[in-house]
Structures are given as structure tokens and as C-alpha cells.
Amino acid sequence: MSSRFFDALETRTVDQRAADLAKALPGQIARAKALVGYAGFLDEVDPDAITDAGALSALPVLRKSELGRAQAANPPFGGFAVRPASGFAHIFQSPGPIYEPGGLDTDWWRFGRVLHAAGIGPGDIVQNCFGYHLTPAGLMFENGVRAVGAAVLPAGTGQTELQVTAARDVGVTAYAGTPDYLKVILDKAESMGVSLGITKATVGGGALFPSLRAEYADRGIFCLQSYGTADLGNIAYESPAMEGMVVDEQVIVEIVTPGTGNPVGPGEVGEVVVTTLNPDYPLIRFATGDLSAVMPGESPCGRTNMRIKGWMGRADQTTKIKGMFIRPEQVAALVARHAEIVKARVIATRQGEMDAMTVRIEAVGGDGAAYEKTVADVLKLKGTVEVVAPDSLPKDGLVIEDQRSYD
């Protein structure tokens, strides 16, 4: 491993990358075609004819809703994994529920290059504040930390005072977690009069807003963000150049018109569709529901793969708040819990460099406190609840409104 790049894959020429893909992709398509989950999706496909992203565009898109239905009929992985559940190191559950397999070998989710780009390596101790329970983010990053030769403090979330104490006592030098939670730890340390040695950070699970990145820089912390999902692992990551996100070397990213599989024009915003080269879990043209756009040219850092502009919102109304997705169907379930609720709207904002959630409920009478427990139960997040009069919410079709600025 060089000091500048994670491996030689990051600096391949266009011709080298195309030749490598032409060898790897047909095998991955053939592997997927043999799985029962792809029955009806890839029946007429000749794997040998699929050698580049352009050829992929002729294949159907696999959506999470279809994956969920397949898993319900054929648990836990819906016939999309090459091994039974007992053949994997871990089985995770994401909201839906959707189940994902996980492995411990060879940096299975490919987050090693994410941490390497942030300068994390041998001699570092990483406070990993991603969750370890049911969802895979904690182990995704732990595997990546091992891949770069650093040590892990498996902190998870919560108990912030203990997090500060542990970071001080063990000599933590780097952070991995959601963008907001690092500030929580730093502010708590300041209030406790504790000086921490964190100088590097890699964040995900939500947008890293420019003002928050600037605050971390003012505190002497170099912070980069990455973009991944529980199903796919790492999709793209920031390099030290901080000009867009470089696509991971083991996935193929397409940007398509939302709701279709048709590629958009150069530079246009569309839905991120990903094909992974992971042989254990070959997801082909998996629609993330996220929006992004391709950036022209190569990164000034020397990495040569495609770049995207990063996360630019959702193709549907699904919105990530405090690292958790809030989906329209959850808002519908909230309304259904109380007969007197006519309508509800979730609003995402920022308060003091932290995500904030307000839930406005149309109902006759009552106050917000009466619905706080239901909001926490259904949305899996706490927020401010406001009761408003019937017919006062906008009639614009939105049940989730994101008022945060990503500029």
C-alpha cells in the first residue's frame, strides 16, 4: 500500500479499467443469473454480452421494494445471495425489514480505501461511532479500519460522557460515524475540560454540510465523507482533493432518470443505480433511490475512476435525518395510529449544525405531547411535534419536506 493510494486499482488508465471490467462483469452477470432471485430479471440475458456500463443499461433495474418482496417470500435474502444465511459471518436487518449478508474477509464492504483517503492507517485508533446492532454500518467501518492497519474503539452511539473518557484514555486519533455526532463528542469534551487527540474523521450516513466541515477544520480535524448503503457497501468517497466523490473500484455506477433504467445526459441529476462486483452478493442495477450526477474529468488527487457529486437528495420523498431514513409509508403509518389525525408532514431542518425533525400533525385539538411516543415508535426518531388545524398543511403532495441546504 502506498502512502498516497490504497492500491493500484485507483490509478488505472481508462483502457485498463475497461479491460478489467470486460473480464469481471460477464462472470458477475452469470453468477447472478444462476440465483433464483433473478428469475424473470435476467432470463434472456447473455452474460458474455454484458461487458461495460453501456451494456448494463439494457437490463432491468432491481428496486428495494422488489428485493423486500422476494425476501418475504424466500427469507432471508430473497434468493439474491450465493450462500445460505449460515454461510455468512453476519446477517443484518435494515428498516423494511430488509436483510443483508456480511463477511469479515478481504474488506468485504470496501471501506478500507475510504479510511485510507482520510489519512487513517497504522498507528491510529479509530473511535467507531456507527451502530453495531442489527444494522451493518459499525462492522462495515470496522472491517475498513482493519484493512488499513489501525485499531478500533467500537463505541457505537450514546453515553457521550463515556465516549469522551474512552477517547481520552485510549488515545483516539480518528473518528468514524455520522457527521453530526462528532460535534456532540467534541462539545461534550469541551464542557468536561477534556482535550482529545482526534485529527482525522471519516463520516457517512448523512450529509456533511460545509459549515460543519469548516468547524471541524477549525478544531484541527481533517474530515472526509463517503457514500454507501447497507446493501451495497461503499459506493463512492471523498479524496483529499474534495472535488466530488470518487466511485469505488468494485462497483459500477449509472445515473438514470428516476423511476426508469434510462441513463441521463452528461452532468444531469438522476437516480443512482449500482451494480456490485461482490461475488457473494451480486446486486445488478440496484436502484438506491438517491440522486446524484456525474462530474466530468478526473480528480486532481490522481484517482482516475468516475466521480459523482455525492448525495443530492432522494428520488422519492424518503429523507435521511440524523442518519436514519424516514419514508412516506412511515408517515402514513403515523397517521393511521390515531383516528383524529387527518394528515402529517415531517420537516427536516438544521439547528446548530445538527439535524432536527419537526412533525406537523393536522388534528382537531390536542397538543404535540400526546403524539410524541407514537412519533418515536413509528419514525424511530424523536422530534418536535406540532399540532395544526385541519387544512393548514400545504396541498403539494409532500409528506416529508427537507428544508436543509446542501450547498
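Is Cys301 buried or exposed? With a relative accessibility of 8%, Cys301 counts as buried (under 20% relative accessible area, against over 50% for exposed and partly exposed in between, with a 1.4 Å probe and protein chains only). The model is a predicted one, so local features need pLDDT of at least 70 and side-chain atom pairs count only at pLDDT 80 or more, while totals for chains, interfaces and linings use all residues. Residues are numbered from 1 along each chain as its sequence is written, and side-chain values use heavy atoms, with hydrogens and water left out.

As for the cysteines, searching the whole structure turns up 0 disulfides (a disulfide being a pair of cysteine sulfur atoms within 2.5 Å). Cys129 is in no disulfide, and its nearest cysteine sulfur belongs to Cys223, 12 Å away. Cys301 is likewise in no disulfide; there the nearest cysteine sulfur, again that of Cys223, is 17 Å away. Cys129 also counts as buried, at 3% relative accessibility.

Turning to the helices (DSSP runs of H or I, at least four residues, numbered from the N terminus), α7 covers residues 179-192 and α8 residues 210-218. Their axes, lines fitted to C-alpha atoms over the stretch in contact, come within 11 Å and cross at roughly 40°, on a scale from 0 to 180 degrees between N-to-C directions. The two helices are therefore oblique to each other (neither under 35 degrees, over 145 nor 65 to 115). On the α7 side, Pro179, Asp180, Leu182, Lys183 and Leu186 meet Leu212, Glu215 and Tyr216 of α8, contact being heavy atoms within 4.5 Å. These contact residues divide into 5 nonpolar, no polar and 3 charged (nonpolar: Ala, Val, Leu, Ile, Met, Phe, Trp, Tyr, Cys and Pro; charged: Asp, Glu, Lys and Arg; polar: the others, Gly among them).
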